[in-house]
Amino acid sequence: MVSYLIRRGIGAALLLLIISAVTFGIFFLVPRLAGQTTDQLAAAYVGKAPTPEAIQDTKIRLGLDKPVVVQYGTFVKGIVAGNRFSNGPSTQWCPAPCLGYSFRTNEPVLPQLLDRAPATFSLAVGAAIIWVVSGVGIGILSALRRGSVWDRGAMGVALAGVSLPIYFTGLVSLAIFSYSLGIFPGGGTYKGITEDPLMWFQSLVLPWVTLAFLYAAMYARLTRAGMLETLSEDYIRTARAKGLPERTVTMKHALRATLTPILTIFGLDFGLLIGGAVLTESTFSIQGLGRLAVDSIFSGDLPVVLGVTMFAAGFIVLANLVVDILYAVVDPRVRSA
């Protein structure tokens, strides 16, 4: 197990290095290949009436005058050992892991990510609990009652959940439950759990349900299909022939085999949400990582966009590593593979 974790850890580090190189190239190399000069890149961060002197100073301060390979090496060095950045007449030290400084605010990127992460983490964890419990539960019941009114109704709702985009269901839920009925607060009212626990919970109920509605629908369909396939296996018929209770056959034998693909997709989904639920955060005006990424893209703040991308990639890799370890717990057949 230790050697397996070491191999996966090395693989994860190499994967993050490749992701960082590709992302860095997209933001800093592709514009040059498209014909944009370093002066044009720097002019975007000077002001409305940039002078040649101001452009030159900004280009040097942001490191845009250096080759892209050198800029990428500086970025990687900052993650590993920290780096020193120019902030006009002075320089600032950014300790490792340093994801660079914002081109717009001249502030370190990592503290901005850590400041927004609790909102995104609260949204992702709450929604994940709802969609896993409801989606897997509905899928199991639909498989056990195949062809019934419950099965058809649940799969119909699941189809609607998969088809409807989040920004539509989010706006509808806000219009009904916030602005018409006044049951829940509207968008932009999110408070941290340490500031106001009650408002934190109330402001996240609609985002949780809206986000979980999409994922629960997919998990219900996936669970139903997996359960129907597993229940037709020979070892399930053998377990029933031995006289085992139906609850034991369903929960201990059939469900454990069905959970393997669900764990796989859950690791990907949860990792992506930790990187920022862009549509949900934008719809409900939650100041999380997704909203930070959108604002940074519109303002052209490349280091922040790169930082959010690396943050999300790191969580996706970590989530998949945890899922691989959980395989052996959920399905004993994996241990002997």
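## Spaces and cores in a predicted model

The largest cavity in this structure, which is a predicted model, has a volume of about 30 Å³. By the rule applied here, the count comes to 1 cavity of 30 Å³ or more. Its lining is made up of Gly 186, Gly 187, Gly 188, Thr 189, Tyr 190, Ser 203, Phe 284 and Ile 286, and by class these residues divide into 3 nonpolar and 5 polar, with no charged residue in the lining of the largest cavity.

Beside the cavity there are pockets, and two of them are described here. The largest pocket holds about 500 Å³ of space, and of the 26 residues that line the largest pocket, those closest to its centre are Leu 62, Gly 63, Thr 74, Phe 85 and Phe 103. Several elements of the chain meet around this space, for α1 (2-33), α3 (52-61), α4 (68-81), β1 (83-87) and α13 (302-330) each supply at least two residues of the lining of the largest pocket. The largest share of that lining, 5 residues, comes from the strand β1.

The second largest pocket has a volume of about 380 Å³, and it is lined by 13 residues, of which Leu 16, Ile 79, Pro 97, Leu 99 and Met 310 are the closest to its centre. Here the elements that give two or more residues to the lining are α1, α4 and α13, and the largest share, 4 residues, comes from α13.

The classes of the residues in the three linings can be set out together.

| Space | Volume | Nonpolar | Polar | Charged |
|---|---|---|---|---|
| Largest cavity | about 30 Å³ | 3 residues | 5 residues | no residues |
| Largest pocket | about 500 Å³ | 13 residues | 10 residues | 3 residues |
| Second largest pocket | about 380 Å³ | 11 residues | 2 residues | no residues |

Pro 97, already met in the lining of the second largest pocket, also deserves a look for its backbone. A cis peptide bond joins Ala 96 and Pro 97, with omega at about -5 degrees, and Pro 97 has its place in the loop between β2 (90-94) and α5. As background for a reader new to these angles, most peptide bonds are trans, and most residues other than glycine have a negative phi.

Ser 285 is also marked out by its backbone, since this residue has a positive phi of about 55 degrees although it is not a glycine. Ser 285 sits in the loop between α11 (278-283) and α12 (289-299). With a relative accessible area of 30%, Ser 285 is partly exposed, because that value lies between the limits of 20% for buried and 50% for exposed.

Turning from the spaces and loops to the nonpolar cores, the largest core has 36 residues, and among these Trp 131, Trp 208, Leu 211, Tyr 215, Met 227 and Leu 273 touch the most other members. The helices α5 (109-144), α7 (166-180), α8 (197-231), α9 (234-241) and α10 (246-274) each supply at least two residues of this core, and α8 gives the most, with 13 residues. Leu 273 offers an example of how such a residue is surrounded: not counting residues up to four places away in sequence, Leu 273 touches Thr 120, Ala 124, Trp 131, Leu 211 and Tyr 215. A second core, separate from the largest one, has 27 residues, including Tyr 45, Tyr 72, Ala 117 and Leu 302.

Conventions
Residues numbered from 1 in each chain as written. Predicted model: local features only at pLDDT ≥ 70, side-chain atom pairs only at ≥ 80, totals over all residues. Heavy atoms only, no water. 1 Å grid on protein atoms, 1.4 Å probe; cavity = no way out; pocket = protein on both sides within 12 Å on 5 of 7 lines; lining within 4 Å. Points joined across faces, edges and corners; volume = space filled by probe spheres on them. Nonpolar A, V, L, I, M, F, W, Y, C, P; charged D, E, K, R; others polar. Core = buried A, V, L, I, M, F, W, Y, C linked by side-chain atoms within 4.5 Å. Buried < 20%, exposed > 50% of the residue type's maximum accessible area, 1.4 Å probe, protein only. Contact = heavy atoms within 4.5 Å.
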